[in-house]
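This report is a short guide for someone meeting the structure for the first time. Please keep the sequence and the model in view while reading.

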Amino acid sequence: MIVIVVISIILVLIDQISKKIIELNYNIGDSKEIIKNFFYITSHRNRGAAWGILQNSRYLFLFITILFLFLLFFYIYKNKVLLKINDYVMFSLIIGGALGNFLDRIIKGEVIDFLDFHIFGYDFPIFNLADTFICLGIFLLALKIYKE
């Protein structure tokens, strides 16, 4: 359990530092092309969830995050004997990502997004490292469930 907490804290720090760099160096709406016609750093704020759904539902997201983390920690605690090393990474990614966005919502009332991809002409919704951690963790969880 302590390994999951330590890795999660490291991921939260990486996420929060990346967001602070954006906050200090970009105005909202500023965009810098990193890879031509593919990847941009774009300063954006999101008061909703993925793709901007449920805008201005801050307290709902805070409640859901607390509930989700409580259930996840309960599951980890009950099954700690059965966990494998890759489970630690999977759960740490999910927890670290959830806490990264949770802190934004608590402190700022919104989430700082900045990773902006244009894939085959589609301008994918802007996201952040916490979102990436959550998606990777959920992908590993789905893979684990599929294998079992």
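## An aromatic cluster

The model shown here is predicted, and a useful place to begin is with its aromatic residues, since Phe-38, Phe-39, Phe-117, Tyr-122, Phe-124 and Phe-127 form one aromatic cluster. Across the structure there are 6 aromatic pairs. In one of them, the ring centres of Tyr-122 and Phe-124 lie 6.1 Å apart with their planes at 80°, and because an angle over 60 degrees counts as edge-to-face, that is how this pair is classed.

Phe-124 also forms an aromatic pair with Phe-127, again edge-to-face, with 6.0 Å from centre to centre and 85° between the planes. The members of these pairs are covered to varying degrees: Tyr-122 is partly exposed at 46% relative accessibility, and Phe-124 is partly exposed with a relative accessible area of 29%. Phe-127, with a relative accessible area of 17%, is buried, because buried means under 20%.

## Two loop residues with positive phi

Two residues that are not glycines deserve a look for their backbone angles. Asn-37 has a positive phi of about 55°, and its place is in the loop between strand 1 (31–35) and strand 2 (39–46). With a relative accessible area of 52%, Asn-37 counts as exposed, because the exposed class begins over 50%.

Phe-120 likewise has a positive phi, in this case of about 50°, although it is not a glycine. This residue is found in the loop between strand 3 (111–119) and strand 4 (122–123), and at 87% relative accessibility Phe-120 counts as exposed.

## A nonpolar surface patch

On the surface there is a nonpolar patch with about 1100 Å² of accessible area together, formed by Met-1, Ile-2, Val-3, Val-5, Val-6, Ile-9, Ile-10, Leu-13, Ile-14, Ile-17, Ile-21 and Tyr-77. Which element supplies the largest share of the nonpolar patch? That share, 10 residues, comes from helix 1, which covers residues 2–25.

Met-1, which also belongs to the patch, has its place in the segment before helix 1. At 36% relative accessibility, Met-1 counts as partly exposed.

## Annotated transmembrane regions

The UniProt record, an unreviewed entry, places the feature "transmembrane region" at residues 59–77, 89–107 and 119–143. In the model, the span of residues 59–77 is 100% helix and 0% strand, and its end C-alpha atoms lie 27 Å apart.

Over residues 119–143 the chain is 60% helix and 12% strand, while the end C-alpha atoms are 25 Å apart.

## Gly-137 and its surroundings

Gly-137 has its place in helix 4, which runs over residues 129–147. Is this residue, Gly-137, buried or exposed? Gly-137 has a relative accessible area of 0%, so the residue is buried, the limit for that class being under 20%.

Leaving aside neighbours within four places in sequence, Gly-137 is in contact with Met-90, Leu-93 and Ile-94. A further distance relates Gly-137 to the chain's beginning in the numbering: Gly-137 and Ile-2 are 135 residues apart in sequence and 18 Å apart in space, taken from C-alpha to C-alpha.

Key. Residues numbered from 1 in each chain as written. Predicted model: local features only at pLDDT ≥ 70, side-chain atom pairs only at ≥ 80, totals over all residues. Heavy atoms only, no water. Phe/Tyr/Trp six-rings, centres within 6.5 Å; stacked < 30°, edge-to-face > 60°. Buried < 20%, exposed > 50% of the residue type's maximum accessible area, 1.4 Å probe, protein only. Helix = DSSP H or I, 4+ residues; strand = E, 2+ residues; numbered from the N terminus. Patch = residues over 30% accessible without salt bridge, like charges linked within 9 Å, V, L, I, M, F, W, Y side chains within 5 Å. Areas by Shrake-Rupley, 256 points an atom, 1.4 Å probe, with all protein chains shown as cover. Salt bridge = Lys/Arg side-chain N within 4 Å of Asp/Glu carboxyl O. UniProt positions renumbered as here; feature names shortened; annotations may be inferred. Contact = heavy atoms within 4.5 Å.
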